[in-house]
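Hi everyone, thanks for making time. I'd like to walk you through one structure today, so let's get it up on the screen.

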Amino acid sequence: LGKYKCEYVQQYLILNSDFEVFKDIQLFPLHKVYTGSRIPYIQHEIEEREKIILAVKELSPALHYLEHIDYLETNKKRCQQELEEEARREFQDRYNA
């Protein structure tokens, strides 16, 4: 979806704001292959998630999308935790080698 992901999410929610269905949409790949550090990839995903959150917040009436926003924010926090864990792991690997 690339640069159209936010527009896609907005249009989808306008047509179908059912939260249970929204949770099942895979906005990001389930499996990833990395070369080198995972940190830039995780940072990029966090940035993409933030853009999607902002796009959903632009929809009105906003009350219809509070659950969606909370769900997206929770996933973003999970990515931020993953980023911290990866930074810690890379630091340990660098000094334990």
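Let me start with helix α4, where H68, I69, L72, E73, N75, K76, C79, L83, E86 and E90 are buried. By buried I mean under 20% relative accessible area, while exposed is over 50% and partly exposed is in between, using a 1.4 Å probe and protein chains only. Helices here are DSSP runs of H or I with at least four residues, strands are runs of E with at least two, and both are numbered from the N terminus.

Before going on, two housekeeping points. This is a predicted model, where local features need pLDDT of at least 70 and side-chain atom pairs count only at pLDDT 80 or more, though totals for chains, interfaces and linings use all residues. Residues are numbered from 1 along each chain as its sequence is written, and side-chain values use heavy atoms, with hydrogens and water left out.

Back to α4. What do its buried residues pack against? They pack against α1, α2, which is residues 19-23, and α3. Packing is about contact here, and contact means heavy atoms within 4.5 Å. As for the length of α4, the expected span of a helix is 1.5 Å times one less than its number of residues. The 31 residues of α4 should therefore span 45 Å, and that agrees with its end C-alpha atoms, which are 45 Å apart.

Now let's zoom out. The protein chain has four helices and zero strands, so from the N terminus the elements simply read α-α-α-α. Its radius of gyration is 16 Å, well over the 13 Å that the globule rule gives for 97 residues, so the chain is more spread out than a compact globule. That radius is taken over C-alpha atoms, and the rule is 2.2 Å times the number of residues to the power 0.38. Along the principal axes, the C-alpha atoms fill a box of roughly 55 × 25 × 20 Å. Of the 97 residues, 33% are buried. If you take the contacts with a separation of 6 or more, 67% of them come from residues 24 or more positions apart.

On charge, there are 14 positive and 18 negative side chains, and the centres of the two sets lie 4 Å apart. Lys and Arg count as positive, Asp and Glu as negative, and His and the chain ends are not counted. Each charge is placed at NZ of Lys, CZ of Arg, CG of Asp or CD of Glu.

Next up is helix α3. Its 19 residues should span 27 Å at 1.5 Å a residue, and its end C-alpha atoms are 27 Å apart, which agrees. The buried residues of α3 include I39, I42, I46 and I52, but also E45, E48 and R49. These buried residues pack against α1, residues 5-15, and α4.

Let's follow one of them, I42. Is I42 buried or exposed? At 3% relative accessibility, I42 counts as buried. Not counting residues up to four places away in sequence, I42 touches C79, E82, L83 and E86.

Now look from the other side. E86 sits in helix α4, which covers residues 66-96, and E86 is buried, with a relative accessible area of 7%. Leaving aside neighbours within four places in sequence, E86 is in contact with R38, I39 and I42. E82 is also in α4, but E82 is partly exposed, at 22% relative accessible area. With the same neighbours left out, E82 is in contact with R38 and I42. A87 is in α4 too, and A87 counts as partly exposed, at 35% relative accessibility. From A87 to I52 is 24 Å between C-alpha atoms, and those two are 35 residues apart along the chain.

One last stop, in the loop between α3 and α4, where you'll find P61. A cis peptide bond joins S60 and P61, with omega at about -5°. For context, most peptide bonds are trans.

That's the tour, and I'm happy to take questions.
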